[in-house]
Amino acid sequence: MLTITYRDGQNRIGTEELKDYLQEHKTVLDQVKNDRRAYRDALGWMDPEEWASEQQLACLEEKAEEVRKNADAFVLIGVGGSNNAARAVIKGLNGKGPRVYYAGNTISPYQVNELLKELEGKSVYINIIAKNFETLEPGIGFRVLRKWLAGNYGIEAAKRMIATGTPGSHLEKISRENGYTFLTFPETIGGRYSAICDVGLFPMAVAGADIRKIVQGVKDMRKMLYETEGAKNPAYYYAAIRNLLNQKGMMAEMLSFFEPRYRYFAKWWIQLFAESEGKDGKGIYPISAQCSEDLHSVGQFVQDGTPMIFETFLDIKKQDASYILEKDLTDDRFDYLNGMDLWEINKKAFEATYKAHTQSLPCFRIQVEELDEYSFGELFYFFEFACYISGMLLGINPFDQPGVEAYKRYMFEALGK
């Protein structure tokens, strides 16, 4: 089970101060767990059984297996919350399904043409994910890929299209009229909270992930968070400290990891907190660092620059890969590494960085047993739950995104919509 620890060599938050804050705001935890009135239309993600039941998982697995048997390439068309969770798992686990490509997350003509070149000669299926089917990028991506499929497969193209949208939306209408498979984007789940429903689970299954293990990780984390009170509740503990740090001038949180397979999970995490908390002139700016590479760029600023950052490290207990360094005929002056496993070296680099950084800035350490489907489920639910609590402590609505809607109005106006 996921564990979390916190260290700060500068002791910015005193023991009594934290204790008093947790006691003062304990009703927030109770409200998040038990009161659905305030955000009733946005909390469908909190109960995995509602959208990831045994029956629904079986349906998704059946359709995913059809795609896996017939496709060389699977194109996921979506932007932001419509693809970030699935991409985090797909890139993190490197499954054995068809190669997954991404569209609808850019309007660069160069990238669109490069994708179409990549698809030539392949057996292709697509999944368009759009809650209200009004967002520009996936709309364009779907138009381009629809045309490409029709040109390559004729009347058989419809069998290769899966649409995930809100029941009653224009996307559903198009799907019914043209014979596309239609999956549900629940009305009660916002994009950035949509990992554990058709939106995230279907592409994960196509790519070979065991979605039942993901859902089990979610269920176990939910059970633990609902049964644990006060400071022992890791999501409440994390949310409380990050808000206290924000009050003390910590304006940014950096998610750091020494395993590159977390790269796209970090993108999911950034969207979750940026879009949930960045409003009303408030919020903690989320950034990420892929170590050890980024230690040679932002590492200097983190330790000696403006004291505005706190750090959250992702750590993995169980080794799942190995490479032993051996001596060759060249005197490269790295013989002190002879016989050492890269896993061990990477761990030592992690521990050294964690030790150095905790002397200068506040640091969380979130540790999972191994990098697998189960731990992805744990992490998804932990951070979603913590983000909800954190937003409540901050005094904002964690589920809307008025700033995003503002830019869309200007863009559509410019395009003549």
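Buried means under 20% relative accessible area, exposed over 50%, and partly exposed in between, with a 1.4 Å probe and protein chains only. I start there, everyone, since I will lean on those words, and Arg333 is a good place to try them: it is exposed, with a relative accessible area of 75%.

A word on what we are looking at. This is a predicted model, where local features need pLDDT of at least 70, side-chain atom pairs count only at pLDDT 80 or more, and totals for chains, interfaces and linings use all residues. Residues are numbered from 1 along each chain as its sequence is written, and side-chain values use heavy atoms, leaving out hydrogens and water.

Helices (H or I, at least four residues) and strands (E, at least two) are DSSP runs, numbered from the N terminus. Two strands pair if DSSP finds at least two bridges between them.

Let's begin with strands β2 to β5. Strand β2, residues 73–77, runs parallel to β3, and five bridges join the two. One pair to find on your screens: Leu76 has Tyr102 in β3 as its bridge partner. Between these strands the chain passes through helix α5, residues 84–93, in a right-handed β-α-β crossover. Right-handed here means that, with the strands pointing away from the viewer, the path from the first strand over the helix to the second runs clockwise.

Why is β3, residues 99–103, described as largely enclosed by the rest of the structure? Because four of its five residues are buried.

β2 also pairs with β4, again in the parallel sense and over five bridges, with Ile77 partnered by Ile128 in β4. Strand β4 spans residues 124–129, and six of its six residues are buried. Both of its faces are covered: Val124, Ile126 and Ile128 lie on one side, and Tyr125, Asn127 and Ile129 on the other.

On we go to β5, residues 161–165, which pairs with β4 in the parallel sense over four bridges. Ile129 has Thr164 in β5 as its bridge partner. The chain gets from β4 to β5 through α7, and this β-α-β crossover is right-handed.

While we are at α7, residues 136–153, have a look at Gly139, which sits in that helix. Gly139 is partly exposed, at 24% relative accessible area. From Gly139 to Ile129 is 10 residues in sequence and 9.5 Å in space, C-alpha to C-alpha.

Now for the other sheet I'd like to show you. In what order do its five strands come? The order is β1-β10-β9-β7-β8, in an open sheet with mixed pairing. At the edges stand β1 (3–7) and β8 (285–290); each has a single partner strand, so one side of each is left without a neighbour in the sheet. From one strand to the next, the twist averages 20 degrees. Those angles run from 0 to 180 degrees between N-to-C directions, and axes are lines fitted to C-alpha atoms, for helices over the stretch in contact.

β1 pairs with β10, residues 363–368, in the antiparallel sense over five bridges, and Thr5 has Arg365 in β10 as its bridge partner. Two helices pack on this sheet, with contact meaning heavy atoms within 4.5 Å. Helix α11, residues 234–247, touches β1, β7 (252–257), β9 (309–316) and β10, and its direction makes about 25 degrees with that of β1. Helix α12, residues 263–277, touches β7, β8 and β9, and its direction makes about 170 degrees with that of β8.

Next, a helix pair. The axes of α9 (residues 198–206) and α10 (residues 211–227) come within 9 Å and cross at roughly 140 degrees. That makes α9 oblique to α10; angles under 35 degrees count as roughly parallel, over 145 as roughly antiparallel, 65 to 115 as roughly perpendicular, and the rest as oblique. From α9, Leu201, Met204 and Ala205 meet Ile211, Ile214 and Val215 of α10.

Finally, some backbone details. Most residues other than glycine have a negative phi, and most peptide bonds are trans. Arg333, in the loop between β9 and α14 (342–360), has a positive phi, near 65 degrees. Asn94 has a positive phi too, near 50 degrees; it lies in the loop between α5 and β3 and is exposed, at 56% relative accessible area. Which peptide bond is cis? The bond from Cys291 to Ser292 is, with omega near 10 degrees, and Ser292 lies in the loop between β8 and α13 (299–304).

Thanks, everyone!
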